[in-house]
Amino acid sequence: MLYDAFDLQTDIAAQTRAWGKVLNDVWSPWVGLGEPITWMSAGARMMMRAGLTFARPPFGIDAVDVGNRSVPVTEEPVVVTPFATLMHFKKDIHAEQPKVLMVAPMSGHFATLLRATVRTMLPDHDVYITDWHNARDVPLAEGRFGFDDYVGHLVHFLQTIGEGAHMVAVCQPAVQALVAAAAMAQAKDAAAPRSMTLMAGPVDCRINPTGVNELATSKPIAWFEQNLIATVPNRHKGAGRKVYPGFMQVSAFMSMNAKRHIQGHADLFWHMANGEHAKAEAIETFYDEYFAVLDLAAEFYLETVKTVFQDHALAQNAVRYRGEPIDLGSIRRTALMTVEGERDDICAVGQTMAAHDLCTGLPPYMRSHHLQPGVGHYGVFAGRRWETQIYPQVRNFIQAHN
């Protein structure tokens, strides 16, 4: 019933957008007359933005500057499974660059949330990304997708890319990246990454617990299953699949910073009304991405909550993969870098750095940690400080271990 009710809201939002377009077509030719026409036109454009979207937005990275020339970039699917695509950002250059698997979070948004991260890394690296599919579009016959399946995808993708790759995991998949690296180390897999960079990930949520961490431990796992899991309705390809809906995750994120999002939409209205097109476009671009939501397979969500946030299995080096115990101390040839943001209210300071205490097999020269002053969660992997202060250190770390 939860998903059915949301689909009804989605239909209403679609009608609102349609009426918004009609009104915008009526008022926009007259905006030069000033108020109140400009207000009505801005209001119509706000109506056109009603509701969420459920399809992956384009990365939109057509070219990057490499050296002194602009190089075309094409998206090349390398491996496609029911739940993910290994996407390669192919550049037309002859020079060999470090191969990097960028592991995108599966937390209610598409991999395009890392668009700015990818764009920054592309000039110096041969970049691949885990392009996760919307679980509501995966037919039930394709089977389950749990914690182990996520790790299995990382192992498979690294093996496909081949020896010598590096791994950069942003937010939630720092956990699965660690497990994948340890599993490959234990198996003596030649494709084990040369380095892994973990950015703002929940390795040990017992350290400086945030509101997200406290919510995860405030209820038994049965409560999450009963209250947050929905069944995909018949109108979608994944009909019958149990999911944690992306619209619930986005709603939770917004509630954490409700005042900021309300102010953001107020600012958008007035920028539109005042003809400040560049400022309006910047806010629109952010929310176009933010409101493109992805459903998570229920088993992945519930297993992650229990394993990482309730049992703290990773923090105690007690994770199992495919039924076998995983020892993070077995990681000896994959260098480790951790990155945290001083103002991160999702993965607090110390939670990602805890990976160093778990990777006991690494000597000091294969470790690095960076704490970035003045940034929150998203500032770790997007924005000016990411580009000018964090990325140069990540680039140098990868190069040093290439």
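This is a short walk through a few strands, one pair of helices and one cavity in the structure above. Keep in mind that we're looking at a predicted model.

Okay, let's start with the strands near the beginning of my list: S1, S2 and S3. Strand S1 covers residues 63-66 and strand S2 covers residues 69-80. The two pair in the antiparallel sense, over 4 bridges. If you want a spot to look at, find Asp65, which stands opposite Ser70 in S2. And how do you get from S1 to S2? Through a hairpin, with 2 residues between the strands. Gly67 sits in that turn, and its phi is positive, about 65 degrees.

Carry on from S2 and you reach strand S3, residues 84-91. Again the pairing is antiparallel, this time over 7 bridges. Val80, for example, has Thr85 in S3 as its bridge partner. Here too a hairpin makes the link, going from S2 to S3 through 3 residues.

Now for another set of strands. What order do the strands of this open sheet take? It runs S8-S9-S10, 3 strands with antiparallel pairing. The edges are S8, at 230-231, and S10, at 296-297, and each of those pairs on one side only. Strand S9, residues 242-244, pairs with S10 over 2 bridges. Look for Tyr244: its bridge partner in S10 is Leu296. Hang on to Leu296, please, we'll meet that residue again.

On to the helices. Helix H4 is residues 147-161 and helix H11 is residues 298-310. They pack at an angle of about 95 degrees, and their axes are 8 Å apart. Angles from 65 to 115 degrees count as roughly perpendicular, so that's what we call H4 relative to H11. Which residues meet there? From H4 we have Phe147, Asp148 and Tyr150, and from H11 we have Phe300, Glu303, Thr304 and Val308. Sorted by class, that contact has 4 nonpolar, 1 polar and 2 charged residues.

Last stop, the empty space. How many cavities of 30 Å³ or more does the structure hold? Just 1. The space in there comes to about 40 Å³. Around the cavity you'll find Phe83, Met106, His133, Ala135, Phe145, Asp295, Leu296 and Ala297. So there's Leu296 back again, the partner of Tyr244, now as part of the cavity lining. By class, the lining has 6 nonpolar residues, 1 polar and 1 charged.

That's my tour, thanks for listening!

How values were computed:
Residues numbered from 1 in each chain as written. Predicted model: local features only at pLDDT ≥ 70, side-chain atom pairs only at ≥ 80, totals over all residues. Heavy atoms only, no water. 1 Å grid on protein atoms, 1.4 Å probe; cavity = no way out; pocket = protein on both sides within 12 Å on 5 of 7 lines; lining within 4 Å. Points joined across faces, edges and corners; volume = space filled by probe spheres on them. Nonpolar A, V, L, I, M, F, W, Y, C, P; charged D, E, K, R; others polar. Axes fitted to C-alpha atoms, helices over the stretch in contact; angles between N-to-C directions. Parallel < 35°, antiparallel > 145°, perpendicular 65-115°, else oblique. Contact = heavy atoms within 4.5 Å. Pairing = 2+ DSSP bridges.
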